[in-house]
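Subject: Handover of a structural model

Dear colleague,

Please find below the sequence and the structure that I am handing over to you. My findings follow directly after them.

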Amino acid sequence: MKMIIMIILIIAIFIVVVAFFVNALYKRTNAYRNQFVDVRKFSAKDGVSDNLEIVNIGSNHSKYGFDYTGLDVKGENWGVGPDTFEYDYLVLRKNVSHLASGATVVISVCLLSFFLYRKKERSFYIKYYSFLEPEDIVGYSNKEKIIDYSFPIIFHPLRLRSLIKDIKKDYCFLLKENQCKTEDELKKDADFWINCWNREFDIQLPSPTLTANNRNDIIQNVRILKDMIDYCLSRGLKPVIAILPVTDYLYSRFTPEFIEKYILGYIADANKAGVPVMNYLADKRFTNPSFYINSFFFNAIGRKKFTKQFIEDLRDQSIL
């Protein structure tokens, strides 16, 4: 009997060791690592610099929108995609100690920023387990952290296929060309974004009829944007609201009435402090598709060009 127990124990220990080994291998795959592309800079030991003069926060539009390398300014891109105002604020508060006195904080507002308060899919939050405190994660669950962040392969064995055939590494941020090669492809990509937003927010662009959920999300986001502005000002920082450009193909899908009411109007509601609002949405210097990876996000060339001009504009207005 003792021999049988010993054999069972050895087998159990072997299975546990193998499971942990395989889990470690999985966490080295692109299938796992791609989830953390945008937040690795926050969790790395020396990922965030000190005495930063300028940072930008925001979702994918902001992530693809700024590149301070090679410019005469000490800045970092803190954009995380996809993100919400709520998590922009958490990222800012988590890393505020890295900012120099009087630093400029660029709060990016996207086309539909005010329509998304909180993501329903829990997979959206997994990346935040890598650097945020439990009390800062919406709906934090220690069980969820263990299952989806710490030991994903043990609780999701079907992901073993990634060890056999992994997905590609996320290189989108490094792209220098538009992946839409024709006008028809650019139009279809603009349609793609419009259709995604219509489904996600249960609206019909460009003239949405707001649901109760829409109105609640907008109220929450206006409040958070106001809180972010007040937070920056209370710490002697210089908040700036920026609306980044998109291609003409995507911009043409929105009416002036939509932009005035659902973007600029909500910004005005939150911006009682009167901080600078810099609107580049339809700036013809930056709407050429050659500066983008699709109809929406800058490529490496576009964001360098835009950031250089943006810094010059800030200095012209004595903001930076």
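I begin with a salt bridge between Lys188 and Asp184, whose closest N and O atoms are 3.3 Å apart. Please bear in mind throughout that this is a predicted model.

**Salt bridges**

Lys188 and Asp184 both belong to helix H9, which covers residues 183-201, and they are separated by 4 residues, about one turn of the helix. Their surroundings can be described by accessibility: Lys188 is exposed, with a relative accessible area of 53%, whereas Asp184 is partly exposed at 44%.

Helix H10 (residues 212-234) offers a further case, since Lys226 and Asp230 both lie in it, again 4 residues apart, about one turn of the helix. Their side chains meet in a salt bridge with an N to O distance of 2.8 Å. Lys226 has a relative accessible area of 34% and is partly exposed; Asp230, at 32%, is likewise classed as partly exposed.

A salt bridge also joins the side chains of Glu177 and Lys181, at 3.4 Å from N to O. Glu177 and Lys181 are both exposed. In total, the structure contains 14 salt bridges.

**Overall dimensions and secondary structure**

The protein has 320 residues, of which 49% are buried. Its secondary structure consists of 13 helices and 5 strands. Taken along the principal axes, the box filled by the C-alpha atoms is roughly 80 × 50 × 45 Å.

**Strand S1 and its partners**

Which strands pair with S1 in the parallel sense? One is strand S3 (residues 99-108), which is joined to S1 over 5 bridges in the parallel sense. Within this pairing, Ile54 stands opposite Thr104 of S3. The other is strand S2 (residues 75-77), which runs parallel to S1 and is connected to it by 3 bridges. Here Val55 has Glu76 of S2 as its bridge partner.

Strand S1 itself spans residues 52-57, and 5 of its 6 residues are buried, so the strand is largely enclosed by the rest of the structure.

**A nonpolar surface patch**

A nonpolar patch on the surface is formed by Met3, Met6, Ile7, Leu9, Ile10, Ile11, Ile13, Phe14, Ile15, Val17 and Val18. Together these residues present about 1,100 Å² of accessible area. One of them, Phe14, is located in helix H1 (residues 2-26). Phe14 is exposed, because its relative accessible area of 57% exceeds the cut-off of 50%.

**Aromatic pairs**

The structure holds 42 aromatic pairs. In one of them, the rings of Tyr32 and Phe36 have centres 4.9 Å apart and planes at 50 degrees, so this pair is tilted. Tyr32 and Phe36 are both buried.

Another pair, made by Phe115 and Phe258, is stacked, with 6.5 Å from centre to centre and 15 degrees between the planes. This pair links distant parts of the chain, as the two residues are 143 residues apart. Phe115 is found in the loop between S3 and helix H6 (142-150), and Phe258 in helix H12 (residues 256-270). Both Phe115 and Phe258 are buried.

**Cysteines**

How many disulfides does the structure contain? The count comes to 0. A disulfide is a covalent bond between the sulfur atoms of two cysteines, and the rule applied here requires the two sulfur atoms to be within 2.5 Å.

Why do Cys110 and Cys180 not take part in such a bond? For Cys110, the closest cysteine sulfur is that of Cys196, 12 Å away, which is too far for a bond. For Cys180, the closest cysteine sulfur is in Cys172, and this distance of 12 Å is also too far for a bond. Cys110 counts as buried at 16% relative accessibility, and Cys180 counts as buried at 14%.

Yours sincerely

Terms used: Residues numbered from 1 in each chain as written. Predicted model: local features only at pLDDT ≥ 70, side-chain atom pairs only at ≥ 80, totals over all residues. Heavy atoms only, no water. Salt bridge = Lys/Arg side-chain N within 4 Å of Asp/Glu carboxyl O. Buried < 20%, exposed > 50% of the residue type's maximum accessible area, 1.4 Å probe, protein only. Pairing = 2+ DSSP bridges. Patch = residues over 30% accessible without salt bridge, like charges linked within 9 Å, V, L, I, M, F, W, Y side chains within 5 Å. Areas by Shrake-Rupley, 256 points an atom, 1.4 Å probe, with all protein chains shown as cover. Phe/Tyr/Trp six-rings, centres within 6.5 Å; stacked < 30°, edge-to-face > 60°.
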